[in-house]
2 protein chains.
Amino acid sequence: MRLSRYYVPTLKEDPADAEVVSHKLLMRAGMVRKLTSGIYNYLPLGLRSINKVANIVREEMDRAGAMEVLLPTVQPADLWQETGRWEYYGKELLRFKDRHDRDYCLGPTHEEVITDLVRHEIKSYKQLPVNLYQVQTKFRDEIRPRFGLMRGREFIMKDAYSFDKDEAGAEASYWNMFEAYKAAFLRIGLNFKPVQADSGAIGGDFSHEFMVLAETGEDTIASCKACEFGANLEKAKVAPPTETGGLEAPCPPMEEVSTPGTHTVEEVCGFLGISADKLVKTLLFVVDGNPVAALVRGDRELNDVKLRNLVGGNEIEMADEETVKKLTGAPVGFAGPAGLAEDVPVYADHELLSATDWVAGANKGDTHVQHLSLGRDCKVEAFADLRVIEPTDPCPECGGEIEFKKGIEVGHVFKLGLKYSEKMEATFLDENGKSQYMIMGCYGIGVSRIVASAIEQNHDENGCCFPPSIAPFEVCLISLGGKDQDVADKAEELYATLEGLGVEVAYDDRKERPGVKFAEADLIGYPMQLVLGGKGLKNGIIEAKNRKTGEKTELPLEGFAEAFAQWRKDIWNGWGLDA
Amino acid sequence: MRLSRYYVPTLKEDPADAEVVSHKLLMRAGMVRKLTSGIYNYLPLGLRSINKVANIVREEMDRAGAMEVLLPTVQPADLWQETGRWEYYGKELLRFKDRHDRDYCLGPTHEEVITDLVRHEIKSYKQLPVNLYQVQTKFRDEIRPRFGLMRGREFIMKDAYSFDKDEAGAEASYWNMFEAYKAAFLRIGLNFKPVQADSGAIGGDFSHEFMVLAETGEDTIASCKACEFGANLEKAKVAPPTETGGLEAPCPPMEEVSTPGTHTVEEVCGFLGISADKLVKTLLFVVDGNPVAALVRGDRELNDVKLRNLVGGNEIEMADEETVKKLTGAPVGFAGPAGLAEDVPVYADHELLSATDWVAGANKGDTHVQHLSLGRDCKVEAFADLRVIEPTDPCPECGGEIEFKKGIEVGHVFKLGLKYSEKMEATFLDENGKSQYMIMGCYGIGVSRIVASAIEQNHDENGCCFPPSIAPFEVCLISLGGKDQDVADKAEELYATLEGLGVEVAYDDRKERPGVKFAEADLIGYPMQLVLGGKGLKNGIIEAKNRKTGEKTELPLEGFAEAFAQWRKDIWNGWGLDA
């Protein structure tokens, strides 16, 4: 490609609305343009990177035995009504009516459509398993789209759906996809980690997220330094306490203590002169309309996803002021497990088993209790893992040291189980002629988001540093001849040589100053730069720069093809990739 | 690909709602499935054909210097309001509101979005010309979707947009695309013809349609047997008459004649005992709200697109009964050019210049006039080409013989001119620093429709006969071994050989009866079939069938690769294609 004839509208300044580096650089490198909030035009360079990601993903999906289909963007409401998601999905599901006043939505995901397809086609266990995938434009009407391609409304996703006849098959399909994802992300050149995740609103049995590790990531993951363990914070298990005699341990009689004007843990502890780990924090929630109390130690953070899963609910929210008053008979800030309204089940983090003699709210204004024994003074429905893991906690799997990392979710695998097949009657006849529900899995990769994540992970002050596997072009050949016809001729010759080698070259043949050419090549982040000037030509060499490391070397013009091939191989290898 | 592990849900029966052969065969061959009216799931085989079409189109677009982008599906209303199409486009434009109550539509075409993109980026004549294209899912809310992929609501289209600094450049861009389209359709293996077309609602200066010739086509085209001329009927010029003295020719005085109860041309002519070519037919229209009368000979058909273009209007419709009564003072069926309401301009087909002494309506119930002279008895605003061409007309370009053919529109090139750039202020600074509007062109190819058209053009009673360039797989290798392990082993070996040659093979390794395998291979329409059975193996040969011609031959198992390569080349050549 000749840059003189190519459409790469680079920008000198960061766009005003760009908050994260990938958004800034994608705009400045002329790879995307915003059409409207959360909706982007993919320009030639941006689309090339997206297609490279998509094609690597396709190859790994095909290798894993999945088959590519393409399902519609516009989906009829009746399928979503069958699964109940027409009501449940919320406003991210963009709904509309066609000219005949029938209800439709723009597909944010395709469980309903694929299950509808498969239930009409697959009748026998002999046709299972099947795994169908697509690379498709999705729409989710995010309330606050931001960060460019990281959280858009319209975006490109690879989604796959597996259908199996039994649990063993479904698990095999799940781990098959898990491995395909690992292979794809490795080939893309990402530094990533698969972590345990909550299966959330899509529902189902278990799931993993694939996190690109980057300081700018929105997600936090707990990762073990010793073993493979990694989990999204909302999912990360906390190991049970080693000491568990707290319920039976001796404790002075509970008594009220006046704590005027103390509403926070800090205020209470400060007033009473105790540390926060001596206090039990009581949090009130409403899960699917029913009140629930949760206890954690004063210095810990409750994990509401764990609570929701323990209770078995769909939607969880903090109780509002009015509800708190009704349940505790006191203003907000004085809730406690003893003397709470009788119909409120109390769940306690299992760490609270390890001690006794707690301070807690007294369900009475400006008052707490001390010498609370959870075994003696109140009824606890269950002790369970309810809190957010902390870096000081041991790894729940090996006891090793935990560290927190920032990540960007680029893939997600779910074992769905029967969630959709039951609701949509997706059945087959088993070996005994008996009707059974298909067991499903679903698997997503954020294709356009990966390009942004790769930039978040690989950039410097001058611009993007693309992995060679997904760079819009592998090589930028910069001709610095000016009016020197010999340099121009040699550059043309090298361009032809590189194209002949099957290398994707952005050939900067423009009449621009060298500084402009260098800056744009750095900004766009072609992994390899080749610079030919008059002096080099005289000395029989071309300057070669590795964009990622900044390392410069000289390649001979005589025998260029071989020298280039070796240099290219080294650069790919430097990324942990095969050229 | 092994058919035993592939998802090809063939059907034995034609689906009840399928009217045309491509729809029936796409469904029966397991290539598509209907999700809902006009919206289809593309299954693995169907998607493969679609992608092959798309990739050939991409290659020819790239070769022509166009650059691929991807624009959003969801488009904000404000851009459509700028061009006026938010009002004008009608109900095919599916409109909706997002969660913040802002207006959007699903893109049926992308003139607004691309012009918005380019006007923000391109400032100087130095950046022109530019041609950007995409392969994208479009949505048009057709009132009555039908014929499967031929007229769906959601479909895949390649659309390109060119921007030029002057007329010469714009014409060059137009003809560049014209040639690229010809190259693409040739490589796809279609029998097609580019024809002159009306530029219709998209507007603009001139345009061509690319028609796939097929008896089942919805469009009729006039085609010259002697020269290259071809035109959509609504566009096809009719040569002016050679005799033009009719206005001045002597004619007896006009007089009324009673024609009770005669409403049609046939009835009037029968009653008066004259042939239809002696009668002037007067048709009343309303163009953008204004009445207009058009005259054609009694045996001719008026072309309302020509009339609309002559008048220079946007929307044309037949006058309703009430309007006819108001303008003629008579019931429907008795309109004539003499004595019509004064404010109705009368346009006459130029053929009427060739004679005089006409019969026409008298603008009076049950009455006609005879001896009408158009030069003497009424005012004609203009004589022009206003009728539909007929097979007996000479070619308007060379005078040769015309024939009518049926066609399916698969491509359309438009020279848009300034239509969008003026309304959207897409300007650039020319060589003199003066602001100018960009001159645009737009160019569409119906990617998914091409797969259907290829089937309309290439099928027989047993199924599809795909051109090898766009067949889902080139070869079907059918193993007939049953329990014969030698045959199974040899088939595996041949499968590996073919894959090694880079040939796309559908390997039918299923435990099905030979009849089922043959029928499905014919139904899906792989261009080449290779059949290995016990007898063939014993004799050292494999049976090879050309699906299109039905021709069978035998290839030796010894030296198979070479023999196959030659046979494959012959089959591609038989399609007029290079393997």
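Which side chain makes a polar contact with the side chain of B:T549? The partner is B:N546, and the two side chains come to 3.3 Å of each other. Keep in mind throughout that this is a predicted model.

## Around B:T549

Let's stay with this threonine for a moment. B:T549 sits in the loop of chain B that runs between β30 (541-546) and β31 (552-556). Besides its contact with B:N546, the B:T549 side chain reaches the backbone nitrogen of B:E551 at 3.1 Å.

For a sense of distance across the chain, take B:N309 as a second marker. B:T549 and B:N309 are separated by 240 residues in sequence, and their C-alpha atoms are 46 Å apart in space.

## Chain A as a whole

Chain A contains 15 helices and 31 strands. Its C-alpha trace spans about 95 × 65 × 50 Å along the principal axes. The chain has 579 residues, and 58% of them count as buried.

How do the contacts within chain A spread along the sequence? Taking contacts between residues at least 6 apart in sequence, 70% join residues at least 24 apart.

## A buried threonine in chain A

A:T109 is found in the loop of chain A between β6 (103-106) and α5. Is A:T109 buried or exposed? With a relative accessible area of 3%, under the 20% cut-off, A:T109 is buried.

The side chain of A:T109 makes a polar contact with that of A:E111, at 2.6 Å. Setting aside neighbours within four places in sequence, the residues in contact with A:T109 are A:Q75, A:W80, A:R85, A:Y89, A:K138, A:R140 and A:Y161.

## Where the chains meet

Now for the interface. On chain A, 51 residues are in contact with chain B, and 51 residues of chain B take part from the other side. In chain A, the residues that lose the most area to chain B are A:Y7, A:L70 and A:R99, which together give 17% of what that side buries. The area buried between the two chains is about 4300 Å², and carbon and sulfur atoms give 63% of this.

There are 4 salt bridges between chain A and chain B. A:R33 forms a salt bridge with B:E121, with the closest N and O atoms 2.4 Å apart. The count of residue pairs in polar contact between the chains is 16. Helix α5 (residues 111-121) of chain A gives the most to the side of chain A that touches chain B, contributing 5 residues. By residue class, that side of chain A divides into 31 nonpolar, 6 polar and 14 charged residues.

## Symmetry of the pair

How are the two chains arranged relative to each other? Chain A superposes on chain B with an RMSD of 0.1 Å after a rotation of 180°, with 0.0 Å of shift along the axis. The two copies are thus related as by a two-fold rotation axis. A:F96 is the residue of chain A that comes closest to this axis, with its C-alpha at 2.9 Å.

The contact surfaces tell a matching story. Because 100% of the interface residues of chain A are also interface residues in chain B, the copies meet through the same surface.

## An enclosed helix in chain B

Why is helix α11 (residues 447-457) of chain B described as largely enclosed by the rest of the structure? The reason is that 11 of its 11 residues are buried. Among them are the charged residues B:R449 and B:E456, along with B:V447, B:I450, B:V451 and B:I455.

Notes:
Residues are numbered from 1 along each chain as its sequence is written. Chains are lettered from A and ligands numbered from 1 in the order in which they are written. This is a predicted model: local features need pLDDT of at least 70, side-chain atom pairs count only at pLDDT 80 or more; totals for chains, interfaces and linings use all residues. Side-chain values use heavy atoms; hydrogens and water are left out. Contact means heavy atoms within 4.5 Å. Buried area is the accessible area (1.4 Å probe) that two parts lose on being put together, summed over both. A salt bridge is a side-chain nitrogen of Lys or Arg within 4 Å of a carboxyl oxygen of Asp or Glu. A polar contact is a pair of N or O atoms within 3.5 Å; within protein, one must be able to donate a hydrogen and the other to accept it, and residues adjacent in sequence count only if both atoms are side-chain atoms. Helices (H or I, at least four residues) and strands (E, at least two) are DSSP runs, numbered from the N terminus. Buried means under 20% relative accessible area, exposed over 50%, partly exposed in between (1.4 Å probe, protein chains only). Copies are superposed by least squares on the C-alpha atoms of residues with pLDDT of at least 70 in both.
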